[in-house]
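Biologist: I have the sequence and the model open. Can you walk me through the cysteines, the charged residues and the strands?

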Amino acid sequence: QVQLVESGGGLVQPGDSLKLSCTASGRTFSTYSMGWFRQAPGKEREFVSAVSRGGGNTYYADSVKGRCTISRDNAKNTVYLHMGMLEPEETAVYYCAATPTDYSIIYLTRATRYNYWGQGTQVTVSS
């Protein structure tokens with residue numbers, strides 16, 4: 001089992017950048033594919049980005065492609081999400097998630113593929 005703790009959220013202005021971190025417990029972090037999701041008030045949880053076990057494969061939602069970068073440091077048990085040019089509509093709670101199943105990267109867009117979730121970190125984009 002793995003426990004996930006997100007950090008890095010906060011209040012930013014439109015157009016700003018933000019880097020989220022998610023640190024996992026345990027010694028087997030490199031055996032988990034990781035994803036980032038977000039959920040705005042009154043809306044369903046939506047996929048943002050995913051990264052394969054070794055970090056070599058990444059996938060992004062169309063809405064963030066070109067503005068976000070997902071990366072991981074397996075030595076630090078941490079996955080990152082760097083987001084640029086943030087928009088007010090991206091105000092949400094951001095969650096990281098982990099799965100031990102070696103899915104193809106394109107299948108990691110579904111929340112049901114993940115076994116473990118963090119508590120989330122609030123990101124508010126407002127002037």
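Modeller: First a term: buried means under 20% relative accessible area, exposed means over 50%, and partly exposed is in between, with a 1.4 Å probe and protein chains only. This is a predicted model, so local features need pLDDT of at least 70 and side-chain atom pairs count only at pLDDT 80 or more, while totals for chains, interfaces and linings use all residues. Residues are numbered from 1 along each chain as its sequence is written, and side-chain values use heavy atoms, with hydrogens and water left out.

Biologist: OK, cysteines. How many disulfides does a search of the whole structure find?

Modeller: The search finds 1 disulfide, where a disulfide is a pair of cysteine sulfur atoms within 2.5 Å. C22 is joined to C96, with an S to S distance of 1.9 Å. C22 lies in strand β3 and C96 in strand β9 (residues 92-99), so the pair ties together parts that are 74 residues apart in sequence. Strands here are DSSP runs (E, at least two residues), as are helices (H or I, at least four), and they are numbered from the N terminus.

Biologist: Are C22 and C96 buried or exposed?

Modeller: Both C22 and C96 are buried. The torsion about their S-S bond is about 45 degrees, so the disulfide is right-handed.

Biologist: And why does C68 have no bond?

Modeller: The closest cysteine sulfur, in C96, is 15 Å from the sulfur of C68, which is too far for a bond. C68 counts as buried because its relative accessibility is 6%.

Biologist: Switching to charges. How many salt bridges does the structure hold?

Modeller: It holds 4 salt bridges. The term means a side-chain nitrogen of Lys or Arg within 4 Å of a carboxyl oxygen of Asp or Glu. One of them pairs E46 with R38 at 2.6 Å, N to O. R38 also forms a salt bridge with E90, where the closest N and O atoms are 3.0 Å apart. That second pair links distant parts of the chain: R38 is in strand β4 (residues 33-39) and E90 is in the loop between β8 (78-83) and β9, 52 residues apart.

Biologist: What else does E90 meet in a salt bridge?

Modeller: The side chain of R67 meets E90 in a salt bridge at 2.8 Å, N to O. R67 sits in the loop between β6 (58-60) and β7 (68-73), 23 residues from E90 in sequence. Through shared partners, salt bridges join R38, E46, R67 and E90 into one network.

Biologist: Which of those count as buried, going by relative accessibility?

Modeller: R38 counts as buried at 6% relative accessibility, E90 at 3% and R67 at 19%. E46 is partly exposed, at 36%.

Biologist: What about E6? Which side chain of opposite charge is nearest?

Modeller: The nearest is R45, 7.6 Å away, and E6 is buried yet has no salt bridge. For charge, Lys and Arg count as positive and Asp and Glu as negative, while His and the chain ends are not counted. E6 is in strand β1 (residues 4-7). Its side chain reaches the backbone nitrogen of Q119 at 3.1 Å, and a polar atom of that side chain lies 2.8 Å from the backbone nitrogen of G120.

Biologist: What does E6 touch?

Modeller: Not counting residues up to four places away in sequence, E6 touches a set of residues including C22, C96, W36 and Y95. Contact means heavy atoms within 4.5 Å.

Biologist: Back to β9. How many of its residues are buried?

Modeller: 7 of the 8 residues in β9 are buried, so to speak mostly covered.

Biologist: Which way do β4 and β9 run, parallel or antiparallel?

Modeller: They run antiparallel and are joined by 7 bridges; two strands pair if DSSP finds at least two bridges between them. Q39 has V93 in β9 as its bridge partner. β9 is also joined to strand β11 (residues 121-125) by 3 bridges, again antiparallel, and A92 stands opposite V123 in β11. With strand β10 (residues 116-117), β9 pairs in the antiparallel sense over 2 bridges. There, A97 has W117 in β10 as its bridge partner.

Biologist: Last one: where is L18?

Modeller: L18 is in strand β3 (residues 18-24), and at 13% relative accessibility it counts as buried. L18 and G84 are 66 residues apart in sequence and 6.6 Å apart in space, C-alpha to C-alpha.

Note on methods: A polar contact is a pair of N or O atoms within 3.5 Å; within protein, one must be able to donate a hydrogen and the other to accept it, and residues adjacent in sequence count only if both atoms are side-chain atoms.
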